[in-house]
Amino acid sequence: MRILIVEDDANLNRQLADALKEAGYVVDQAFDGEEGHYLGDAEPYDAVILDIGLPEMDGITVLEKWRGDGKTMPVLILTARDRWSDKVAGIDAGADDYVAKPFHVEEVLARIRALIRRAAGHASSEIVCGPVRLDTKGSKATVRGVPLKLTSHEFRLLSYLMHHMGQVVSRTELVEHMYDQDFDRDSNTIEVFVGRLRKKIGNDLIETVRGLGYRMQAPGNGN
């Protein structure tokens, strides 16, 4: 899952980025509203953490522009604790949730997990596909109850496919959500990671849809 952080406080931005990366997310960072708007407009994100008080372009304007352009990614806004009007303005502009400063990073992580799950249609923090269970809270996966030993790229791939179970996901989409903007992306590597993942969870859970991409679903759930 790929997250964008738009926060001008460098220390807070870094703190959030480090925590998200530790939890297995791919993270891009912006430090002002114009840069944040550009990245959110040009790149696909599974969720965005957006500060309201930004230089160059304030967070409300950034959010309004995204929504006006049809961008639907979940957005968590960061507001000052005593500015209830910012919370109202953010929700009205299209924010999906908010956290007031100061906050515990764990709360932000929990809210981001919930936003991503809801956007994909999952209510529980645990997503199940046949014998595979993905614990989004603990960033862990098991197959038939046995913990899976996955590299960071394998975990990101499994997480994205399980969040989008039953849907055909293209190689390009996987590349865009598994790597940050500065990574030298190569869609051919996705085939390698899919092959490795199949060896660990079973060949029958990830289907290759010729010419389109991959689809993950439990055996017997096909159309």
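Trainee: Why is aspartate 51 called buried?

Mentor: Buried means under 20% relative accessible area, exposed means over 50%, and partly exposed is in between (1.4 Å probe, protein chains only). Aspartate 51 has a relative accessible area of 5%, so it counts as buried. Keep in mind that this is a predicted model: local features need pLDDT of at least 70, side-chain atom pairs count only at pLDDT 80 or more, and totals for chains, interfaces and linings use all residues. Residues are numbered from 1 along each chain as its sequence is written, and side-chain values use heavy atoms, with hydrogens and water left out.

Trainee: What makes lysine 101 and aspartate 51 a salt bridge?

Mentor: The rule asks for a side-chain nitrogen of Lys or Arg within 4 Å of a carboxyl oxygen of Asp or Glu. In this pair the closest N and O atoms are 3.1 Å apart, so the rule is met. Lysine 101 sits in strand S5 (residues 97-101) and aspartate 51 in strand S3 (residues 47-51), so the bridge ties together parts that are 50 residues apart in sequence. Strands here are DSSP runs (E, at least two residues) and helices are too (H or I, at least four), numbered from the N terminus.

Trainee: And lysine 101, what is it called, buried or partly exposed?

Mentor: Partly exposed, because its relative accessible area is 24%.

Trainee: How do you know that aspartate 97 and arginine 111 form a salt bridge?

Mentor: Their closest N and O atoms are 2.8 Å apart, so they pass the same kind of check, within 4 Å. Aspartate 97 is in strand S5 and arginine 111 in helix H5, 14 residues apart. Aspartate 97 counts as buried because its relative accessibility is 14%, while arginine 111, at 28%, counts as partly exposed.

Trainee: Why is valine 27 called buried?

Mentor: Its relative accessibility is 7%, so valine 27 counts as buried. Valine 27 is part of strand S2 (residues 26-30). Leaving aside residues up to four places away in sequence, valine 27 touches Ile3, Ile5, Ala17, Leu20, Lys21 and Asp180, where contact means heavy atoms within 4.5 Å.

Trainee: What is the area buried between domain 1 and domain 2?

Mentor: About 1300 Å², with carbon and sulfur atoms giving 49%. Buried area is the accessible area (1.4 Å probe) that two parts lose on being put together, summed over both. The domains are 2-120 and 126-216, with bounds from an automatic or database domain assignment.

Trainee: How many salt bridges cross that interface?

Mentor: Zero, by the rule.
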